[in-house]
Amino acid sequence: MPIRPFARNLSTNTLSTLLVSALVFGLVSCSSTPPQSGKRDQAPAKTQTVKANPAKLLEQAKQSQSPERENLILQAAQAYIDTGKFNLARDLVTDMDQDKLNDPAYIKYTDVVSTLALQEKANFVAHGILTKPRLEQQWQAMEPDMEIALREKRAQVFSLLGEAKNGINERIQLAALLGKKQQQANSDAIWKDLMSLPYEELQELAQTEHSEVARGWYNLAAINKNNQIDLEQQRQQLQGWLQQWRQHPAHDNLPNDLRVLQTLIDKQPKQIALLLPMQGKLAEAGEAVRDGFFAAYYQALSTGRHTPEVRQYDSS
């Protein structure tokens, strides 16, 4: 049937019926949108993970009043940092008066400016920013992720400036905030700071430090740093530490240095050869070395230390 004659034959009632049907269909369709709206609501959540647009943030900042203006500027600075545009980020915060910022903005300002200082290797500047008394008053009200970020940077700065003890204490506090996957890296950083301290200082701190966790770390480090004992004695001291410090964070996650201790003990040589000149011009020197060697050898033997079989050869 041709289309145009068909259109002419539509009566007014028929058109009304079609319009009503279309309206009903539209209403039914609208009533079905709530289940779909959940999916639509999820889309913005995904887009929120996309990097913020600093230009838009700065445009919003121009139209905003304090403290929202400063918050938007700091967000834009962070967006520049995230994309490696450190100079642009620095330009945004250089003239910002931190003393006029409210506490949340001050915390973010500290995070941004300390990141820029560390990126520029301005470690003393970063140290000053991260140790201000005002920041010390903010820990309780701080979001966990921000506290982790700031404490991590504080620990880095302390280590870079040779303040090993402060770095260790900072990371001990940081450990309480970290997940299991992050604990290993934090423990490794603690151990690195510990190994930078002399043995005598480790011994003293193992006795005088107020924090029990810190005392455990210092005791463990002293065992590893003691050059006056052999591997077997070191292993025995480590076993004693494991018995005494069952609840210590390092008990089930020993540093690599100590995890390989048993391997080193197992691989100790069973026999060694001593090659020295016993004749000619170097005979006197060879005898002196031999006598010194065997004096230490028999002393170790008398105290029950591991002593391999020694075979002596004349290398003249």
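Which residues of α5 are buried? Keep that in mind while we set up the view.

This is a predicted model, where local features need pLDDT of at least 70, side-chain atom pairs count only at pLDDT 80 or more, and totals for chains, interfaces and linings use all residues. Numbering runs from 1 along each chain as its sequence is written, and side-chain values use heavy atoms, with hydrogens and water left out.

**Start with confidence.** Colour by pLDDT, the predictor's confidence in each residue from 0 to 100. The protein's mean is 82, and 82% of its residues reach 70 or more. Helix α8 scores highest, at 97, while helix α1 (residues 3-8) is lowest, at a mean of 36. Hide residues 1-49 if you like: pLDDT is below 50 there. Helices here are DSSP runs (H or I, at least four residues), numbered from the N terminus.

**Now select α5 (68-82)**. Its buried residues (under 20% relative accessible area, 1.4 Å probe, protein chains only) are E70, L72, I73, L74, A76, A77, Q78, A79, Y80 and I81. They pack against α4, α6 and α7. Just after α5, look for G84, which takes a positive phi of about 80°.

**Next, the largest nonpolar core.** Such a core is a set of buried Ala, Val, Leu, Ile, Met, Phe, Trp, Tyr and Cys residues joined through side-chain atoms within 4.5 Å. This one has 31 residues, and V93, Y109, M142 and L150 have the most contacts inside it. Helix α7 gives the largest share, nine residues.

**Zoom in on Y109.** Leaving aside neighbours within four places in sequence, Y109 is in contact (heavy atoms within 4.5 Å) with L74, V93, M96, Q98 and L101.

**Last stop:** a second, separate core of 25 residues, including A164, I190, L205 and Y218.

Notes: Buried < 20%, exposed > 50% of the residue type's maximum accessible area, 1.4 Å probe, protein only. Helix = DSSP H or I, 4+ residues; strand = E, 2+ residues; numbered from the N terminus.
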